[in-house]
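Student: Please pick one part of this model and look at it closely. Then lead me outward from there, step by step.

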Amino acid sequence: MEITALEKLSLTCAACGRGYGLDELAWRCDGCGGVLDLAGFAPVVPPWSVIGQRRPTLWRYAEALPIDEPADITLGEGMTPLVTAPDLHGVLLKVDYLMPSGSFKDRGAVLLAALARRLGVPRMVADSSGNAGTAVAAYAARAGIPCEVYVPAAASAGKVAQLRAYGATVRQIPGSREDTAGAAAEAADRPGTFYASHVYHPFFLQGMKTYVFELWEQLGGRLPPILVLPVGNGTLVLGAYLGCRDLLDQGLITRLPQIVAVQAAGCAPLAQAFRDGQPGPAEIIGEPTVAEGIAIARPARGAQILAAVRDTGGVILTVTDDQVNAAHAALARAGLYVEPTAAACWAALRAGLIDTSLRPDGGPAAIAPLCGSGLKAKPPASSAD
Ligand SMILES: [Zn+2]
């Protein structure tokens, strides 16, 4: 089974086409500031008979990933459970908070750590409202690479404690989420620094693809008509879209599922652009929301997210904090203790914002992820019933 050689891969600016070697450690285009995509990679989803004989981790799809399994870095991430949703027939929830660091971001972080070590970098930098930072810190620790994580000063104490426990240097930045990203970008520009960015590095998106591969495998070789996904920086939307494209290109599914992406009403630049038919995110001033993990006012890959959702015939919706709080409480009463952000998709489903009547072959109408554990999050300010 041929695995892709790292030397064949490169990064290409999505805006101007300029190319970069992986070892140049570029994280955005020097020329035009555009985001970088992966080039030179032809993913292949392995045959069903091969996948089934492999260990239940995301590395069972090795040939569809741009780097080999790092045997001493992997923490067994992937192949999380799929469970029925409370009180809504035809909807399944993927329990992605049962990952080594407690969130779905481990899918991308393990690929970044594997790449960082292959490149032999002396240090990694990450920035995050929480989950991406903790995931990168966990795998940096596993890989033995010093890691610096920039977080907003308001990040939850649980997440900061987790970062410190992994041995990361935590930089708490006052101001907005964008101020944190700016401070991290400055640090990332220091020579020899690997910016392990869930937003900018395309390897992260390649890891997020495995969310869709697992659904496809868990449903016996198909996908539901609708994938409900949270969207802030869009790592899961873009990763899921790439994964669906891989499956479609190989004839393993016959059509793309609709991606229904969910934003918080107080910070919804993508939902607004979608409504207005605009190609890029709307200029907004974000308001505080309980769904802090998707409160991104200026998503760097916003145009790519909008194009992906439109290509699937999907839509971008918003939910209010009251809806998120109520959904969060309802999930917990059903035994699913997630962080408030992770309840956003469920909030849209239980509020009836998504049509779940279409169930081809008796399979599920829609699947949503439960992205992050409740154990490291601030409890909601007011717990709605
Ligand atoms: Zn460029």
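**The zinc site and beyond**

Tutor: Four cysteines hold the zinc ion as its protein donors: Cys 13, Cys 16, Cys 29 and Cys 32, each through its SG atom, at 2.3 to 2.4 Å. Donors are N, O and S atoms within 2.8 Å of the metal (3.2 Å for Na, K and Ca); water is not among the atoms, so sites may look incomplete. This is a predicted model, in which local features need pLDDT of at least 70, side-chain atom pairs need 80 or more, and totals for chains, interfaces and linings use all residues. Residues are numbered from 1 along each chain as its sequence is written, and side-chain values use heavy atoms, without hydrogens or water.

What is the geometry of the zinc site? It is tetrahedral, with angles of 98 to 119 degrees among the 4 donor atoms; that label requires four donors with all angles between 85 and 135 degrees. Along the chain, the zinc donors are spaced as C-x2-C-x12-C-x2-C.

Is Cys 29 buried or exposed? Cys 29 counts as buried because its relative accessibility is 3%. Cys 32 has 42%, so Cys 32 counts as partly exposed. The cut-offs are under 20% relative accessible area for buried, over 50% for exposed, and partly exposed in between (1.4 Å probe, protein chains only).

Next, the sheet. An open sheet is built from 6 strands, in the order β4-β5-β13-β10-β11-β12, with mixed pairing. At its edges are β4 (82-84) and β12 (315-319), each paired on one side only. From one strand to the next, the twist averages 30 degrees. Strands are DSSP runs of E, at least two residues long, and helices are runs of H or I, at least four. Two strands pair if DSSP finds at least two bridges between them.

Look at one pairing inside the sheet. Strands β5 (residues 91-94) and β13 (residues 366-369) run parallel, joined by 4 bridges. There, Leu 92 faces Ile 367 of β13. Leading into β13 from α12 (344-350) is a loop, and Gly 363 lies in it. Gly 363 is buried because its relative accessible area is 5%. The C-alpha atoms of Gly 363 and Ala 196 are 37 Å apart, with their positions 167 residues apart along the chain.

Strand β10 (residues 226-230) contains Leu 229. Leu 229 counts as buried because its relative accessibility is 0%. C-alpha to C-alpha, Leu 229 and Ala 368 are 6.0 Å apart, although 139 residues apart in sequence. Beyond four places in sequence, the contacts of Leu 229 include Tyr 211, Val 260, Cys 345 and Pro 369. Contact means heavy atoms within 4.5 Å.

Tyr 211 leads to helix α7 (residues 210-218), where 8 of 9 residues are buried. Among those buried residues are Tyr 211, Phe 213 and Trp 216. Just after α7 comes Gly 220, with a positive phi of about 80 degrees.

Finally, the interior. The largest nonpolar core has 119 residues, and Met 124, Phe 203, Val 228 and Ile 316 touch the most other members. Helix α2 (residues 106-119) gives it the most, with 8 residues. A second, separate core of 12 residues includes Trp 27, Val 35, Tyr 150 and Ala 185. A nonpolar core is a set of buried Ala, Val, Leu, Ile, Met, Phe, Trp, Tyr and Cys residues joined through side-chain atoms within 4.5 Å. Met 124 has contacts beyond four places in sequence, including Ala 113, Ala 116, Phe 194 and Ala 196.

Conventions. Four donors count as tetrahedral if all angles lie between 85 and 135 degrees; four count as square planar and six as octahedral if opposite donors are over 155 degrees apart and all others between 65 and 115; anything else is irregular. Axes are lines fitted to C-alpha atoms, for helices over the stretch in contact, and angles run from 0 to 180 degrees between N-to-C directions.
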